[in-house]
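Please open the structure in your viewer and keep the selection panel at hand. The stops below go from the whole of one chain to its annotated spans and then to a chain contact.

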Amino acid sequence: MEDVGLLAAMPINEIVFFINKVVIAGLIIGSVYALAAVGMTLVSGILRFANFAHGDIMTLGAFVAFVLTMLMPGLGAMVGLPTAFVVMPLAMVVTAAVTIFLDKRFYAPLRTVGYKPITLVIASFGVMLMLQGVIRLFFGTAPRQMYVTAKDIYRVPFGGRDIIVTEPQLLLIVFTIVSVVALHLFLTRSRTGKAMRAMSDNADLARISGISTGHVVRTTWIIAGSLAAAAGTLLAMDVSLKPDLSFNLLLPIVAAMIVGGVGQPYGAISGGLLVGFTETLSVFNWAILLRPLKPHLPEWLEIPANLAFVPTEYKLVVPFFILVAVLIWRPHGIFKGRVL
Amino acid sequence: MSILSMRDIHAGYGGANILNGVSIDIEAHEIGVIIGPNGAGKSTTLKALFGLLTVSEGSVTFDGADITNDNPETLVRRGLSFVPQEFNVFPTLSVRENLEMGAYVRRDDFRPLIEKIFEYFPPLRDKHRQPAGELSGGQRQMVAIGRALMMEPKLLLLDEPTAGLSPRYMGEILERVIAINESGVGILMVEQNARQALAIAHKGFVLAGGRNSFTGTGQALLDNPEVAESFLGGGAH
Amino acid sequence: MIRAIDLRTITLLGGLIVLVALIFAWQGNAYGVRMLVEASCLAIVALGLNVQWGYAGLFNAGVMGFIAIAAFTGMLVSFPVNPVFWESEAPGMLLRTGIYLVIGVAATYLISRADRIGVPKKLRTVLTVVAAAITYLTVQNALAPAAELIEEGSSFVGGFGLPVGLGWALGGLVAGVLAWFIGRITLGLRSDYLAIATLGIAEIVKSFLKNADWLTRGTLTVSPLPWPVPTPNEIGFVAARSAYLALTAVLIVAIYILLQRGWASPWGRMMRAIRDNETAAEAVGKDVNRRRLEMFVLGNIIVGVGGAALVTFGGIFDPSGFNPINHTFLVLIMVVLGGSGNNLGTIFGALLVYVIWTMSEPAALILFRYGASWFQQMFDIAPPSDLPTRALQMRVFVIGLTIILVLRFAPRGLLPEKVMKYE
């Protein structure tokens, strides 16, 4: 027990609290934003418009997973994973198909010559409202639980305290890592992946080179739709399935995309994590970390009870400020993307 | 038999036509050069030929088939490649990936071909992993031409390949163009540096106001006092 | 300048009048006038949006936020004074918070300029951020006890008891100031950024108004808002609402005339030039972004006035009541469907869309009841108990679909902008 002296000197309670409240929470929400922002940035890079329906595509994907879970609730127990996670690949396929349908029906006709890019943005608002309407028509507005059974909770002891990670959080982190690696390999090794990057770089030249733009566009929607569905499902598994998140998701995702530079998948991943961590850091009450210092501080310096930068109810302000700050100082994003 | 023949082409962007009857004929393995003042429709001719804008009158025949208003993907498969004047590389893709994109429609193993292009343009070999956007103007032009050659085209369309290059690179690019032609690829290019271009051309086409104004062999045009006076800036040598 | 009104306009306007008359006959006068007043307020908002979208090509996706901030300002200016608040210690505490804020902002600004006296730029940036953070935390911690005191003692700060008209004007002004900040940041970039920035600011304004209980009573709502005309309690529903309608109608006419004249002036011509060919306008030396900023601010001032009038008419200030469907996208539809760039078309679109919108509620319900009972007979599935609320969600879908259909098939609207010729 030699290290007791060192451990005792350290404010273990506070550190573990910080890890649970900031590091893990930030990683979780950051991964969700990253998964969603990657898809949005690919679509923006290739089709040259910000698809504002992306947040609702996430919700849609989560609802597809929810319906599948309700249809076969026992599926998860067979493989030892939550049912929602087992049916997620199917939900991703369905959502990808929906996004392709939406593109074909609503966006593609507007992409012909003579329409301004802003027309597509407005159309994406239209699609957003349609998705919202359909989701609420069938599922109402009340939050729902994705879990059929209780969530597993993993506790990692750390100096007498526990760092807590739940099963869906672990699955989310693993899924994010796997899909980022897979996406990287796809974009750098495969013919279609390279063509996607080429088209994002210079759509006219891609056409001149004989790249089939229709094929690239479809692939892009498949990636964007399925990653959005996964992000929505995993988020809903971690917290609960809320039909009305829409703008609350959209703003951080767009912020992540713009921070990372539009059209830059790696930028979007870093942007998502950055926005996620900034959110949790901003709503974290720093007074808790300063409390152990109290005996060492002079009498007159009193630590206020609340030292959070942003009250939780104003969380949406954080991605907005990140967005505004980036637009003012680095409109190309920190990864040198393009400005739409 | 000529590999390419454009007959009396009329074309434009929506409103008024820019081309009002352009005719161009090229034999296989020839170098054809289009010159003329600004706004004469030189680049527009290439774009109309490559399906980038709509031909309203006239016909284009390539390698025995009518290709009027075919889309670029079809044309690439038929053996026609186009190098635009600007924005002609994928800036964030590496040099090698740029070349691979040129061979997008090919399903065979094209690695030997990349080797061949590195032989044409040795500077590219050392930089094959570098993003094309970081290269110098001349090297970017090499990437652009290399990309177009990846389909082993029968005819290569070049839009002002020497625009904005230093004299050293200008000479080098034109030299490469000759070498490419000698390997059996036909060339049709638009050039501002009319003298140098006509000097290497088998055939020259002088456009003015969207029409053919003079047509002849490169040497004939260089020797023609009228052409020299109006389009080459000063008398013939 | 007299322009012949063409047959299409007459037919459409005539049809609309008949439709409105039918609704009066069906639902009664009080209902009909209420609908018209609400439509007229939204028409003012739509005229403001038309300045931005129709004339300047700027896509404002946060109309709701500008309506909300203007309505709040209107409420603050015109609501009766709250003596409990003014007699407590709270005003002093708020004043102190205000002084902290002013000092903090001034200090932060000065530090941000410190590079001019030789402070290295990196150090300056760090110092600026630190100063801003300290200011923010100080103000936040000074405000908290004041807010708590107000919420306990006097529920909220109350208003200033000034005329309602002044409240609307100031509301428009505040919306304009907010627009100026947003515009400064995003107007140099492509419209996508303006869309997301306005969308964000709208949600932030809403969440601020909802959570700042000491200032707005938050979810407890403030009512009754004073009216600029006699209230229904004094002279009855139909008379009071008609008086209100007269007022908003005068506002619409005034704004319409001003916009039409402005549009025909050299200033308007320049604006059209910028919208139709930005590059060319820039090439002849027009400061495109500055002109756009003017349009964006002007549009939001009008939006603010209309929004304040709309909320005043409702009689209740309820921050949770603002929602993007009713207050942003409905207005967008009005402009796009009516004919963007044409003020008459916008007013027409506002009335038509609002009539359809209000009528769609009973219609959707009837349709759903019918559908549900059919479904029950066919498949023996009981309809969900919250059918009415779900039927309303259908309107969200229809709004979205309408946006897309109009963009695709009638991008210039029912009453398109006329290509004007000037000799």
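Select chain A and colour by secondary structure: 14 helices and two strands appear, where helices (H or I, at least four residues) and strands (E, at least two) are DSSP runs numbered from the N terminus. Chain A has a radius of gyration, taken over C-alpha atoms, of 22 Å, close to the 20 Å that the globule rule gives for 340 residues, so it is as compact as a globular protein of that length; the rule is 2.2 Å times the number of residues to the power 0.38. This is a predicted model, in which local features need pLDDT of at least 70 and side-chain atom pairs count only at pLDDT 80 or more, while totals for chains, interfaces and linings use all residues. Residues are numbered from 1 along each chain as its sequence is written, and chains are lettered from A and ligands numbered from 1 in the order in which they are written.

Next, select residues 22-47 of chain A, one of the spans that an unreviewed UniProt entry lists as "transmembrane region", an annotation that may be inferred rather than shown by experiment. This span is 100% helix and 0% strand, with its end C-alpha atoms 36 Å apart. Move on to residues 84-102 of chain A, also listed in that entry, which are 100% helix and 0% strand, with 25 Å between the end C-alpha atoms.

Finally, show chain B beside chain A, where the contact (C-beta atoms, placed from the backbone, within 7 Å) takes 13 residues from chain A and 19 residues from chain B. On the chain A side, select α8 (191-201) and α9 (203-208), each of which supplies at least two residues; the largest share, five residues, comes from α8(A).

Note on methods. Contact = placed C-beta atoms within 7 Å.
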